[in-house]
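Here are my notes on the model you sent, set out as numbered points. Please read them beside the sequence and the coordinates.

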Amino acid sequence: MNASRAISQPAASRRAFLLGGLATAGTMVLAGCSNDPSPAARPIGATPSLTPSAGQRVVSQSLVAKPTTLDLGGVTVDTWAYGDTAPGPLLRAKAGDMLRVTVDNQLPDDTTIHWHGIRLRNVADGVPGQTQDPIKPGTSYTYEFTAPDPGTYFFHPHVGVQLDRGLYAPLIIDDPSEPGRYDAEWVVVLDDWIDGTGTTPDEVFTKLTGGQGGGMDHGSMEGMDHGAMRGMARDGAQPFGDAGDVAYPHYVINGRAPADPDVLRAKPGQRVRMRVINAGSDTIFAVAMGGHQMTVTATDGWPVEPVTTDAFYIGMGERYDVEVTLDDGVFPLVATPVGKKGIARALVRTGPGRAPADDTTPRELSGQVLMGTDLRPAESSRLDPKDPDDQQMLHLSGQMQPYSWAVNGKPFGQNTPISLTRGSRVRLRMMNMTTMTHPMHLHGHTFALPNGLRKDTVLIAPMRSIDVDLDADNPGDWMAHCHNIYHAEAGMMIALNYVK
């Protein structure tokens with residue numbers, strides 16, 4: 001059962017564009033990327049500490065956010081990262097553990113950490129001006145929360161477009177009762193990379209919002225909703241329409257470019273679980289492993305009825321767990337950016353042999369490519385059957401010139417927050433009235449699609465709507481937003497606040 005419904009056929013599309021001619025210095029950074037992280041910023045004050053319950057294990061870790069120089073595999077970039085790696089250090093705990101993570105901010109700007117997908121207490125959600133004061137340069141901040149659900153997650157800042165630097169890392173919450181049916185496990189983090197290649201994400205955002213040309217071919221579209229465009233050539237990437245705004249110079253897997261890729265090692269015949277995370281800011285990927293089929297077993301941390309496929313799509317902020325039984329040899333693990341030129345690539349090596357060429361595209365990518373919304377939930381992932389007590393609308397709109405995105409007709413800070421009542425079942429209708437696909441992400445909660453599939457991030461195709469149900473069981477002030485970081489920072493966010 002497909003979870004989305006067509007509103008109408010999109011009339012037109014446009015190209016993802018390369019931001020040419022970006023200045024490398026002296027470029028004004030707009031308010032959306034400044035120390036005032038959002039129009040709704042307000043002082044929060046001290047965060048109450050969390051006391052572990054009796055017998056609860058505490059997992060502690062320290063992170064240093066700082067400027068650094070990274071080798072992406074023949075490509076050297078100056079960027080920001082946690083420590084000196086991108087992805088940052090793996091954080092791992094068991095479901096029910098308390099996590100205590102101290103962040104030392106050595107960046108020249110404010111920062112925070114959002115624990116993407118975790119149903120945690122509100123004060124630890126990492127949204128400046130809503131759940132905490134931003135972490136100032138030269139200061140530290142400690143996050144404390146319990147991770148209730150096993151699964152594949154990640155963490156990243158929630159300030160400006162910092163996600164489009166190297167500030168992200170995987171977070172794995174293990175299931176203490178899960179049987180050990182894997183011989184090995186690989187964490188595979190996908191990313192689109194532009195920082196340190198002659199521009200920064202802040203300069204990219206300034207270029208987008210400044211409407212200065214630089215490769216933009218939309219001068220006649222001022223004031224128009226993407227869903228209202230007419231008479232333009234359709235060149236979007238089906239089934240996603242216009243898949244992104246930026247054609248990145250590099251796409252990486254585990255921080256490595258195709259010329260010098262990450263190598264994932266195992267033995268022939270072994271069964272491997274891959275935890276695949278899309279940490280990209282503006283790119284949907286199609287993922288395949290040459291010579292193999294993959295069985296999808298979970299999405300966004302929640303088990304699904306297993307489905308075997310040649311390849312699968314993964315949107316920004318989504319995570320998929322897949323199983324694969326390995327053949328003997330050397331195989332490409334490839335993520336192709338949808339609607340853009342380029343490739344991300346790792347190598348799977350189970351024995352001797354010559355590595356395939358850097359630009360090898362597995363034939364599996366021309367076969368069955370799984371759409372995540374076609375998955376069905378395992379019984380353990382389903383919400384209890386219940387009719388909604390409340391229904392709310394999230395109407396997604398946007399335009400290129402001036403570059404502005406909105407929920408319910410206005411950008412974040414000007415739109416009216418959605419009100420939630422504790423204990424209610426809420427149905428959100430997310431209606432995409434643009435020719436772009438938007439990965440909509442909900443903080444602090446998960447939701448169920450009409451077929452019962454449980455997620456926290458879902459791709460909404462152009463001119464489609466999706467009804468999702470959530471249980472309002474985690475009081476606080478939360479966010480729903482597009483996980484294209486440029487759309488979110490330009491306004492495609494809305495607060496979901498519990499009625500006090």
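**Notes on the predicted model**

1. In this predicted model, residues 211-236 keep a pLDDT under 50, although the model has 73 contacts for them beyond four places in sequence. Where pLDDT is low, predicted coordinates should not be read in detail. I would ask that any description of this stretch, with its pLDDT under 50, be worded accordingly.

2. Taken over the protein chain, the mean pLDDT is 87, and 86% of the residues reach 70 or more. Residues 7-40, however, have a pLDDT below 50, and this stretch makes 107 contacts in the model beyond near neighbours in sequence.

3. The protein chain holds 32 strands and 2 helices, and 59% of its 500 residues count as buried. Of the contacts with a separation of 6 or more, 79% are between residues 24 or more positions apart. The accessible surface of the chain comes to about 18000 Å², with carbon and sulfur atoms contributing 49% of that area.

4. Among the strands, β4, β9, β8 and β6 form, in that order, an open sheet with mixed pairing. Its edges are β4 (91-94) and β6 (114-116), each of which pairs on one side only, and neighbouring strands of the sheet are turned against each other by 25° on average, with direction ignored. At the β6 edge, 3 bridges connect this strand to β8 (residues 151-156), and the two run antiparallel; His 116 has Phe 154 of β8 as its bridge partner.

5. How many of the 10 residues of helix α1 (residues 201-210) are buried? The count is 8, so the helix is largely enclosed by the rest of the structure. The buried residues include the charged-type names Asp 202, Glu 203 and Lys 207 alongside Val 204, Phe 205 and Leu 208, and α2 (485-489) is part of what covers the buried residues of α1.

6. Arg 382 deserves a separate look, as a residue of the loop between β21 (369-370) and β22 (390-399). With a relative accessible area of 30%, Arg 382 is partly exposed, because buried would require under 20% and exposed over 50%. Leaving aside residues up to four places away in sequence, Arg 382 touches Arg 376, Pro 377, Asn 451, Gly 452 and Arg 454, while its side chain is joined to that of Glu 379 by a polar contact of 3.2 Å. Pro 303 lies 79 residues from Arg 382 in sequence, and their C-alpha atoms are 9.6 Å apart in space.

Notes. Residues are numbered from 1 along each chain as its sequence is written. This is a predicted model: local features need pLDDT of at least 70, side-chain atom pairs count only at pLDDT 80 or more; totals for chains, interfaces and linings use all residues. Side-chain values use heavy atoms; hydrogens and water are left out. Two strands pair if DSSP finds at least two bridges between them. Helices (H or I, at least four residues) and strands (E, at least two) are DSSP runs, numbered from the N terminus. Axes are lines fitted to C-alpha atoms, for helices over the stretch in contact, and angles run from 0 to 180 degrees between N-to-C directions. Buried means under 20% relative accessible area, exposed over 50%, partly exposed in between (1.4 Å probe, protein chains only). Contact means heavy atoms within 4.5 Å. Accessible areas come from the Shrake-Rupley method with a 1.4 Å probe; for residues, only the protein chains shown count as cover. pLDDT is the predictor's confidence in each residue, from 0 to 100. A polar contact is a pair of N or O atoms within 3.5 Å; within protein, one must be able to donate a hydrogen and the other to accept it, and residues adjacent in sequence count only if both atoms are side-chain atoms.
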